[in-house]
Protein chains: 2
Amino acid sequence: MKFNTHLQNLPIYEAGKPIELVTREFGIDPKDVIKLASNENPLGTSKKVISIIKEKASNASLYPDDSFYELKDALANLYEVSSKNIIIGSGSDQIIEFALHAKANEKSAILTAGITFAMYEIYAKHVGAKIYKTKSKEHNLKELKELYLAHKDEISIIFLCLPNNPLGECPDAKEVMDFISIVSEDTLVVTDCAYIEFAKFKDSKKAINPKELISKFKNTLYLGTFSKAYGLGGMRVGYGIANTEIITALHKLRAPFNITTLSLAAALQALNDQKFIEKTLKNNLEEMKVYEKFAKKNGIEFIPSYTNFITFVFDKKQNASQIADNLLKKGIILRNLKSYGLNAIRITIGKKKQNKRVLAELKKEI
Amino acid sequence: MKFNTHLQNLPIYEAGKPIELVTREFGIDPKDVIKLASNENPLGTSKKVISIIKEKASNASLYPDDSFYELKDALANLYEVSSKNIIIGSGSDQIIEFALHAKANEKSAILTAGITFAMYEIYAKHVGAKIYKTKSKEHNLKELKELYLAHKDEISIIFLCLPNNPLGECPDAKEVMDFISIVSEDTLVVTDCAYIEFAKFKDSKKAINPKELISKFKNTLYLGTFSKAYGLGGMRVGYGIANTEIITALHKLRAPFNITTLSLAAALQALNDQKFIEKTLKNNLEEMKVYEKFAKKNGIEFIPSYTNFITFVFDKKQNASQIADNLLKKGIILRNLKSYGLNAIRITIGKKKQNKRVLAELKKEI
């Protein structure tokens with residue numbers, strides 16, 4: 001059977017390995033597996049959220065309120081925007097997909113940092129758009145500007161991952177705003193802020209305020225997620241904030257019931273437990289220092305991270321894939337960044353006890 | 001901002017109204033609302049499933065096993081196919097979307113019955129494909145054949161909704177197989193069997209066996225869902241069964257983690273509670289008779305239904321929209337089919353007590 005030609009070149013996103021796989025393949029008890037591969041919240045999910053999921057479990061047969069009225073209202077309050085400025089996605093990934101389908105096509109291009117979240121490129125290829133990346137791996141706004149100006153007529157979307165996954169760096173909000181000011185009003189600028197809670201907590205200069213962003217620049221789309229700091233990775237809820245013109249266009253591509261009934265209840269409740277978020281952010285910042293100390297002591301290169309993970313870049317003497325494979329057999333799942341073209345491992349900052357074991361085992365491998 | 005031109009003509013699916021809306025707009029206590037608008041299971045969700053959701057609630061922070069290994073394995077056993085013949089979607093809707101993006105484009109067309117599930121047309125418009133529909137509202141296989149043969153080179157996908165939503169009719173499996181045998185091997189035939197559990201239970205001649213289907217015809221894609229008989233409408237899990245060539249192509253379009261961690265656990269458990277399904281099917285068949293009797297007694301036209309809903313078609317003296325609106329104010333949510341171009345109301349078969357109240361209130365309106 002013949003399929004659309006663009007399918008031939010579609011890469012597939014390589015997800016972090018699940019605990020179930022390690023159990024199946026190496027017979028390790030799930031309790032003994034440490035998974036620090038997918039930047040999930042190591043503290044799990046807020047107890048308040050767990051309660052609401054249990055309370056609402058019997059609603060599993062009912063489709064959600066497809067207007068997502070209450071959740072949009074809560075987000076609108078949090079960010080001081082209107083509900084009309086908000087779209088809900090099955091993870092913020094899905095809103096990336098909507099953006100590509102709304103704005104890009106085989107005649108246009110997207111622009112990203114040299115190494116950034118893989119889904120921008122994957123979704124761009126779904127619609128046959130060209131991809132421009134900076135030579136710099138990290139977000140180099142000067143270089144992004146030059147590349148943008150060189151291909152201005154072609155570039156329909158610019159993706160800024162703030163802070164950047166899988167590298168961890170984050171330009172200051174002021175630099176970002178300065179960059180956006182040179183972009184044409186017809187180019188969509190997506191600021192993917194999946195990890196911004198961690199960045200803001202470490203350094204307030206990194207804070208992107210969606211209200212300010214979309215007021216200043218009509219062509220911007222702010223993305224947030226419940227998957228990281230909010231501890232709902234498994235529930236698949238993200239959101240986009242933009243001017244109504246953009247939201248209306250994206251809404252046309254949203255299928256009904258794109259998040260589950262329990263995801264909706266969980267996300268709403270997650271917004272009500274700011275203490276859980278604070279605890280998450282504190283644990284992350286404290287434990288990040290443990291990793292940094294380890295790296296410095298052992299001569300491992302790393303990028304100062306504004307996220308809930310740290311990326312260790314190995315020199316030629318070390319083979320990151322080999323290290324990741326060896327640890328996997330011991331029940332420690334980390335993220336090998338080979339598919340990003342790096343001899344590096346991305347480690348989600350876990351709980352104290354987890355981090356201790358991971359570093360002890362890593363020490364044996366280097 | 002300029003968007004892709006095809007967005008201008010995209011219709012938006014009109015979902016059944018949620019209980020929350022009736023509560024918000026008319027101040028009716030959610031307990032007093034009867035929602036028979038979205039073909040959800042009136043018996044709710046199996047107790048076994050509710051238990052597993054509660055048990056796994058604390059896994060909400062963890063992404064699901066993206067291979068969906070266990071669920072595919074269970075479905076493979078149920079249908080006697082290989083796991084490699086299966087793809088999991090966020091509802092079977094999502095697999096319809098994948099099919100369109102894999103196979104259709106602005107140079108091709110799709111073929112459907114005159115009135116059928118709205119998402120085929122909506123997703124077709126996402127990729128700019130043309131839509132051919134039979135003049136007959138219901139599935140008229142003779143007419144589908146004629147239309148197919150007249151536009152053979154253009155038609156890339158044929159959607160058969162078996163049984164048909166929102167009309168309820170269902171051709172015999174033998175007729176369907178005969179029809180598919182005349183279709184070119186390069187045309188994808190999707191048999192959307194979201195409601196087939198109800199059809200099979202009423203009449204075994206309606207049973208489509210996916211193993212037989214995909215063995216006989218390499219160009220077929222069988223769709224099933226957990227949203228209807230399995231009582232998981234709110235959890236968004238569907239599946240496609242096809243030959244590996246088709247499954248591989250569709251997989252390229254699947255984003256990682258397209259169902260939630262709790263949806264995965266719920267679907268797996270739902271397959272283990274066949275008693276719940278039997279109870280569902282029995283209630284449906286018994287209560288369907290109550291609606292048929294009412295319709296006959298009151299001179300309302302209806303299509304004998306092989307699903308969990310019945311569609312009442314009103315004559316010119318009655319206004320279906322008005323009737324639906326009046327009932328809505330009383331806290332009874334039914335599905336007005338105006339957006340399908342019909343002066344009709346689709347009613348999900350509820351529990352005995354619900355049906356009694358719905359018919360008593362409907363009686364006052366006609």
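## A cis proline and its surroundings in a two-chain model

Pro166(A) sits in the loop that joins E5 to helix H7 (173–181) of chain A. The model described here is a predicted one, and in it the peptide bond leading from Asn165(A) to Pro166(A) is cis, with omega near 15 degrees. Chain B offers a cis bond from Leu162(B) to Pro163(B), with omega near -5 degrees, and Pro163(B) lies in the loop between strand E5 (155–161) and helix H7 (173–181) of chain B.

Strand E5 (residues 155–161) of chain A pairs in the parallel sense with strand E6 (residues 188–192) of chain A, over five bridges, and Cys161(A) stands opposite Asp192(A) in E6(A). These strands belong to an open sheet of seven strands in chain A, which has mixed pairing and the order E2-E8-E7-E6-E5-E3-E4. Strand E2 (86–89) and strand E4 (130–133) of chain A are its edge strands, each of them pairing on one side only. On average, and with direction ignored, neighbouring strands of this sheet are turned by 20 degrees against each other. Helix H3 (residues 69–79) of chain A lies across E2, E7 and E8 of chain A, and runs at about 125 degrees to E2(A).

Which residue of chain A carries the UniProt feature "modified residue: N6-(pyridoxal phosphate)lysine"? The unreviewed UniProt entry places this feature at Lys228(A), a residue found in the loop between strand E7 (220–225) and strand E8 (238–242) of chain A. Lys228(A) counts as buried because its relative accessibility is 7%, and buried means under 20%. When its neighbours within four places in sequence are left aside, Lys228(A) is in contact with Ser38(A), Asn39(A), Asn41(A), Ala194(A), Tyr195(A), Phe198(A) and, from chain B, Tyr63(B). The unreviewed UniProt entry also lists residues 31–360 of chain A as "domain: Aminotransferase class I/classII large"; the end C-alpha atoms of this span lie 19 Å apart, and the span is 41% helix and 16% strand.

How are the two chains related? A rotation of 180 degrees, with 0.0 Å of shift along its axis, superposes chain A on chain B with an RMSD of 0.0 Å. The two copies are therefore related as by a two-fold rotation axis. Of the residues of chain A, Lys54(A) comes closest to that axis, its C-alpha atom being at 2.4 Å. Because 99% of the interface residues of chain A are also interface residues in chain B, the copies meet through the same surface.

In helix H1 (residues 19–26) of chain B, the residues Ile19(B), Leu21(B) and Val22(B) are buried. They cover an arc of only 160 degrees around the axis, which means that they are on the same side of H1(B). The buried residues of H1(B) pack against strand E1 (34–35), helix H13 (320–329) and strand E11 (332–333) of chain B.

The table below gathers some residues with a positive phi.

| Residue | Phi |
|---|---|
| Gly27(B) | about 65 degrees |
| Phe68(A) | near 50 degrees |
| Asn39(B) | about 55 degrees |

Gly27(B) comes just after H1(B), whereas Phe68(A) is found in the loop between helix H2 (47–56) and H3 of chain A, and Asn39(B) is in the loop between E1 and helix H2 (47–56) of chain B. Neither Phe68(A) nor Asn39(B) is a glycine. Phe68(A) counts as buried at 1% relative accessibility, and Asn39(B) likewise counts as buried, at 0%.

Definitions and conventions: Residues numbered from 1 in each chain as written. Chains lettered and ligands numbered in written order. Predicted model: local features only at pLDDT ≥ 70, side-chain atom pairs only at ≥ 80, totals over all residues. Heavy atoms only, no water. Buried < 20%, exposed > 50% of the residue type's maximum accessible area, 1.4 Å probe, protein only. Helix = DSSP H or I, 4+ residues; strand = E, 2+ residues; numbered from the N terminus. Arc of directions from axis to C-beta. Contact = heavy atoms within 4.5 Å. UniProt positions renumbered as here; feature names shortened; annotations may be inferred. Least-squares fit on C-alpha atoms with pLDDT ≥ 70 in both. Pairing = 2+ DSSP bridges. Axes fitted to C-alpha atoms, helices over the stretch in contact; angles between N-to-C directions.
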